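I am opening my notebook on this structure. I will look up a few residues, then the empty spaces, then the ligand.

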Amino acid sequence: MAMIAYKCPQHKVVVVDIDKEKIRAWNGSNLPIFEPGLDELVKKTRGKNLFFSTDTESAIREAQIIFVSVNTPTKTFGQGAGRAADLQYWEKTARQILACSRDSKVVVEKSTLPVRTAYAMERILNENSKGVHFEVVSNPEFLAEGTAVRDLEFPDRVLIGSKETEEGFRARKEVVDIYLNWVPRERILESSVWSSELSKLTANAFLAQRISSINSISALCEKTEADVDQVSGAIGMDARIGPKFLKASVGFGGSCFKKDILNLVYICESYGLEKVARYWESVVEINDWQENRFVQNMLVNMFNTVAGKKIALFGFAFKANTGDTRESPAIYVAQGLLAEQAEVAITDPKALKNARKDLKDFKKGVTFEPDPYKAAKGAHAIAVLTEWDIYKGLDYKRILKSMVQPAFIFDGRNILDHNRLYEMGFSVFAIGKAPLRHF
Ligand code: UGA
């Protein structure tokens, strides 16, 4: 919404939330999320044509277009628990829009939703005797965290789906016209509302599938002395495959991939497409397996015990340039090590606050340390779990001296210079590479 406000000074954008604390933060000097470039964007627009408020009622009444971006987490109860999307917040919002509206509006699905949600929303919104009509348009978001501002300013594509009726086309055009303020026409893709809804889930499923595919090969590389970065370099140069999203890792995290794939799995099951459901589910299974494999690898190589050993985790965010830790592989690795009674020292430039929340159930065995040198001091091993640039430039000679010998590095992101570290004296274990052991 900040980008829309910035690129469309002729429009007034009001962001509303029922969470007073969040809105207070959005109106203050410390924005509630860290995202490169966002502070400047908000500074340029806030108070001019971008406003943050808790007055949902007036905002709904005054708006011509409403983008609904409420959360759609995985359901934790009842039918479809653990897989289906929980649509209660979406439905509540739809009912609130209906209750507060005095004229017709376009309602845009921004949240990631199961295919055919627009149908249910239209039924809720349009079964009214107020004489108002709502068109539901799907406009899924493809930005990635850490690069959100750039992705919004220069999107690969913007997808806008609507009903293919006269009213549907009219509503679609209203949304297209907003993006035309800065997105080239050929990058604005129009489709039916169902294709648009399903494309979002499919895009995330394909992206995650690439990571699980290369991660499955990483295990084979470790057995055969092939190098996974060389393999992904070689296959990525095939224009049909392409180089992106082929970086083997400790696993993918984030609030989207797992949730969206499980949602896709549930939808397939509900249409009786068992084989299709199992196919996509295996993408998540490989990811769980990869995270678990990482912990097992640490355990086996550290002489089958980490009990009482200090282990420094470099990075806790699910990826670099964000403080977000939702579904971060670091959570699973930390839990695995704590279950083995290791002493875990966590360091991260932006995610320590969230890390504390994620591990609040562990009363002992875990410390949080902003300085990576202090985190590594007296440790038996370092595990790199987020690809923050700062970890590449540390003084590893100094770190090695401060650690218990033999010192281990497990590079879960393949960002360090493994041969150099090995020559220095570390035993180095990377993803999809032959181990470099000193014993
Ligand atoms: C993802 C999609 O990339 C966005 O297009 C989508 O809009 C978003 O979900 C969403 O649905 O909201 P995001 O989860 O923010 O974006 O981050 P990604 O860059 O996709 O990274 C996800 C995870 O995969 C991270 O843990 C990352 O480290 C990992 N990853 C990524 C790899 O392990 N290897 C790779 O080659 C790429």
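**Entry: Ser212.** I asked whether Ser212 is buried or exposed. Its relative accessible area is 4% in this predicted model. The cut-off for buried is under 20%, so I put Ser212 down as buried. I then located Ser212 on the chain: the residue belongs to helix α9, which covers residues 193-224.

Next I checked what Ser212 touches. I skipped the neighbours within four places in sequence, and the contacts left were Phe252, Val283, Ile286 and Asn287. With Val283 I also found a polar contact: the side chain of Ser212 reaches the backbone oxygen of Val283 at 2.7 Å.

**Entry: Val228.** I looked up Val228 next. I found it in helix α10, residues 228-236. Is Val228 buried or exposed? The relative accessible area is 1%, so Val228 is buried.

I listed its contacts in the same way, without the neighbours within four places in sequence. Val228 is in contact with Ile214, Ser218, Cys221, Ala248, Asn414, Ile431 and Gly432. I also took one distance between C-alpha atoms. Val228 and Leu113 are 115 residues apart along the chain, and their C-alpha atoms are separated by 35 Å.

**Entry: the second largest pocket.** I noted a volume of about 280 Å³ for this pocket. Its lining has 14 residues, and I wrote down the closest to its centre: Ala219, Glu222, Lys223, Arg293 and Asn297.

Which elements supply at least two residues of this lining? I found α9, α12 (274-301) and β13 (427-430). Helix α12 gives the most, with six residues. By class, I wrote down six nonpolar, three polar and five charged residues for this pocket.

**Entry: the cavities.** How many cavities of 30 Å³ or more are there? I counted three.

I took the largest cavity and noted about 80 Å³ of space. Its lining is made of Glu222, Gln290, Arg293, Phe294, Asn297, Phe410, Phe429, Ala430 and Ile431. Two or more of these residues come from α12, and the like holds for β13. Helix α12 gives the most, with four residues. The classes here are five nonpolar, two polar and two charged.

I cross-checked some names. Glu222, Arg293 and Asn297 are on my list for the second largest pocket, and they are also in the lining of the largest cavity.

Then I turned to the second largest cavity, with about 60 Å³ of space. It is lined by Phe252, Gly253, Gly254, Lys258, Asn287, Asp288, Glu291, Glu327 and Tyr332. Which element gives the largest share? I found α12, with three residues. By class I noted two nonpolar, three polar and four charged residues.

Two names here took me back to an earlier entry. Phe252 and Asn287 line this cavity, and both are in contact with Ser212.

**Entry: the ligand.** I looked at what lies around the ligand. It is surrounded by 22 residues, and the closest are Leu143, Lys200, Ser249, Phe318 and Arg413.

I then went through polar contacts made by oxygen atoms of the ligand. At Lys200, an N or O atom in the side chain is 2.6 Å from a ligand oxygen. At Gly253, a polar backbone atom is 2.9 Å from a ligand oxygen. At Glu141, a polar backbone atom is 3.2 Å from a ligand oxygen.

I made one last link. Gly253 has this contact with the ligand, and Gly253 also lines the second largest cavity.

Technical notes: Residues are numbered from 1 along each chain as its sequence is written. This is a predicted model: local features need pLDDT of at least 70, side-chain atom pairs count only at pLDDT 80 or more; totals for chains, interfaces and linings use all residues. Side-chain values use heavy atoms; hydrogens and water are left out. Buried means under 20% relative accessible area, exposed over 50%, partly exposed in between (1.4 Å probe, protein chains only). A polar contact is a pair of N or O atoms within 3.5 Å; within protein, one must be able to donate a hydrogen and the other to accept it, and residues adjacent in sequence count only if both atoms are side-chain atoms. Contact means heavy atoms within 4.5 Å. On a 1 Å grid over the protein atoms alone, a cavity is a set of points where a 1.4 Å probe fits but cannot get out, and a pocket is an open set with protein on both sides within 12 Å along at least five of seven lines; lining residues have an atom within 4 Å of a point. Grid points are joined across faces, edges and corners, and a volume is the space filled by probe spheres set on the points. Ala, Val, Leu, Ile, Met, Phe, Trp, Tyr, Cys and Pro count as nonpolar, Asp, Glu, Lys and Arg as charged, and the others, Gly among them, as polar. A residue is near a molecule or strand if one of its heavy atoms lies within 4 Å of it.
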